[in-house]
Amino acid sequence: MLGMRHTYLWFAQLVTGALIAMFLGIHMVIMHLEDILGFFGVEIHEPTSWGSMIERAGKGSWLAFYILFLAFVLYHGLNGLRGILLELTPSAKVERIINWAIIALGIIAFALGTYVPVALFQG
Amino acid sequence: MSTEKGKKLKFKVQRFNPEEDQSPYLQEFIVPVTRGMTVLDALFYIKENLDSSLSFRSSCRMAICGSCGMLINNYPYLACHTQIEELKADTLEIRSLPNFALIKDLVPNILPMGLKHRSIKPFIIRPDTQEMENPTAEFIQKPRELNSFLQFSYCVKCGICVSSCPTSASDKLFLGPQALTQCYRYCADTRDSGAKDRFPVVDTDHGVWHCHLAGACSQACPKGLDPALGIQLLKRLLVAKALGISKKQPPAPIVPPPTVSKPKIAVPEFTVTPAQKET
């Protein structure tokens with residue numbers, strides 16, 4: 001299992017890329033393309049207003065959606081950044097530093113990113 | 001450019017003597033060129049008539065040995081496989097292959113490529129070592145199975161793919177298209193079962209997953225191989241293995257000895273006997 005670590009990392013990069021496209025599509029349609037939804041009979045009134053946002057924040061499904069979306073974006077972006085940095089700094093010592101820095105950055109960003117939707121969900 | 005008799009061409013050839021020079025420089029030579037003359041012929045003309053200290057590698061002069069890879073007008077070619085006429089240029093600038101350290105003049109140090117090639121174990125690996133050491137018969141391989149990797153076995157290890165690879169330019173630890181393609185060549189061979197020994201070598205931060213699929217290796221390969229395809233197929237093998245959906249089959253067995261053999265076709269009788277010939 002560990003012997004194929006980089007294959008799993010790369011496969012996860014592919015999967016999160018596809019999931020980001022899907023989640024971002026949902027986000028864009030809901031938040032910015034309500035006219036298109038209206039064409040299909042789904043009415044969302046002012047999705048970017050404060051009231052609509054608070055209403056969505058109270059739903060567990062939207063909480064899960066945004067936490068997953070954040071996780072996918074962070075993994076995809078930071079793993080891509082890691083790949084670029086490792087290519088430019090071919091040294092075992094620097095690699096270890098980059099790996100841990102990326103993991104730390106990811107955890108901090110995830111904690112900060114999930115704080116707001118979780119706090120809003122809890123009211 | 002035409003190569004009519006008496007035509008002369010300017011060659012700007014990279015020179016570098018590590019004992020005297022700080023950095024490489026270009027030296028100009030005027031070389032009489034003829035139709036069909038290759039860049040390697042011109043380099044030999046320079047060495048034999050103008051400057052005997054010029055250093056470059058060559059051996060077979062027929063694109064088999066892969067020795068004479070060099071950068072000709074900013075594009076990597078085999079010098080013996082490149083006719084001056086086809087370049088359609090009035091001046092030829094010849095440098096050593098990029099992405100390799102320079103030893104002297106046009107001689108790159110291709111040792112790192114050789115070591116990377118060796119690291120992927122470029123030979124058939126099987127559990128039946130007795131049969132490998134003392135072969136008694138051939139291993140079965142269908143034409144379709146052979147075609148799955150045949151083109152990759154034409155690699156002459158010239159280093160042109162590595163010299164054209166943008167990832168090799170930025171990441172000196174990157175295994176490179178040559179080694180990765182050869183890894184696929186042996187893993188795809190049905191006679192081989194050494195994937196478990198090779199996958200840990202290529203499944204690293206500087207292995208197969210760092211290929212950006214620029215495709216420059218496939219465009220530059222003088223033997224017409226498609227290393228970018230080989231690398232993609234290697235990725236497929238790795239993902240299939242990681243997901244547990246790879247084909248699990250033992251290496252090809254040996255061919256059973258033939259039970260029936262056709263008799264050899266008889267040698268035709270002489271239509272003219274020696275006696276008739278004398279008369």
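Which residues in α8(B) meet which residues in α11(B)? I opened my notebook with that one. On the α8(B) side I found P177(B), L180(B), T181(B), C183(B), Y184(B), R185(B) and C187(B). Facing them in α11(B) are P227(B), G230(B), I231(B), L233(B), L234(B) and L237(B). Sorted by class, this contact of α8(B) with α11(B) has 10 nonpolar, 2 polar and 1 charged residues.

A reminder to myself before going on: this is a predicted model.

**Entry: how α8(B) and α11(B) cross**

I looked up the geometry next. Helix α8 of chain B spans residues 176–187, and helix α11 of chain B spans residues 227–243. Their axes come within 8 Å and cross at roughly 55°. An angle under 35 degrees would have counted as roughly parallel, and 65 to 115 as roughly perpendicular. α8(B) and α11(B) are therefore oblique to each other. I also noted the hand of the crossing of α8(B) and α11(B), which is left-handed.

**Entry: confidence**

How far does the predictor trust each chain? For chain B I wrote down a mean pLDDT of 93, with 98% of its residues at 70 or more. For chain A the mean pLDDT is 89, and 98% of its residues reach 70 or more. Within chain A, I found the lowest confidence in helix α2 (residues 34–39), at a mean of 78. The highest in chain A is in α4(A), at 94. For the model as a whole I copied down ipTM 0.80 and pTM 0.86.

**Entry: α1(A) against α4(A)**

I moved to chain A and its helix pairs. α1(A) and α4(A) pack at an angle of about 135°, and their axes are 9 Å apart. That makes α1(A) oblique to α4(A). α1(A) passes α4(A) in a left-handed crossing. From α1(A), the contact uses L9(A), A12(A), Q13(A), T16(A), G17(A), L19(A), I20(A), F23(A) and H27(A). From α4(A) come F69(A), F72(A), V73(A), Y75(A), H76(A) and N79(A). I tallied the classes for α1(A) with α4(A) as 9 nonpolar, 6 polar and no charged residues.

**Entry: α4(A) against α5(A)**

Are α4(A) and α5(A) roughly parallel or roughly antiparallel to each other? I checked the angle, which is about 165°, with the axes 10 Å apart. Angles over 145 degrees count as roughly antiparallel. α4(A) and α5(A) are therefore roughly antiparallel to each other. Helix α5 of chain A covers residues 92–122. The crossing of α4(A) and α5(A) is right-handed. By class, I have 18 nonpolar, 4 polar and 2 charged residues in the contact of α4(A) with α5(A).

**Entry: where chain A touches chain B**

How many residues does the contact take from chain A and from chain B? I got 12 residues from chain A and 17 residues from chain B. On the chain A side, the elements giving two or more residues are α1 (5–32) and α4 (60–88) of chain A. α1(A) supplies the largest share of that side, 5 residues. The side of chain A that touches chain B has 7 nonpolar, 3 polar and 2 charged residues.

**Entry: the two domains of chain B**

My last look-up was the division of chain B into domain 1 (8–109) and domain 2 (111–243). Taken over C-alpha atoms, the centres of these two domains of chain B are separated by 29 Å. I found 15 residues of domain 1 of chain B in contact with 14 residues of domain 2 of chain B. On the domain 1 side, β4 (75–78) and β7 (107–109) of chain B are the elements that give two or more residues. β4(B) gives the most to that side, with 3 residues. I sorted the residues of the domain 1 side into 10 nonpolar, 5 polar and no charged.

Methods. Residues numbered from 1 in each chain as written. Chains lettered and ligands numbered in written order. Predicted model: local features only at pLDDT ≥ 70, side-chain atom pairs only at ≥ 80, totals over all residues. Axes fitted to C-alpha atoms, helices over the stretch in contact; angles between N-to-C directions. Helix = DSSP H or I, 4+ residues; strand = E, 2+ residues; numbered from the N terminus. Left-handed = near helix turned anticlockwise from the far one by under 90°. Contact = placed C-beta atoms within 7 Å. Nonpolar A, V, L, I, M, F, W, Y, C, P; charged D, E, K, R; others polar. pLDDT = per-residue confidence, 0-100. Domains from an automatic or database assignment.
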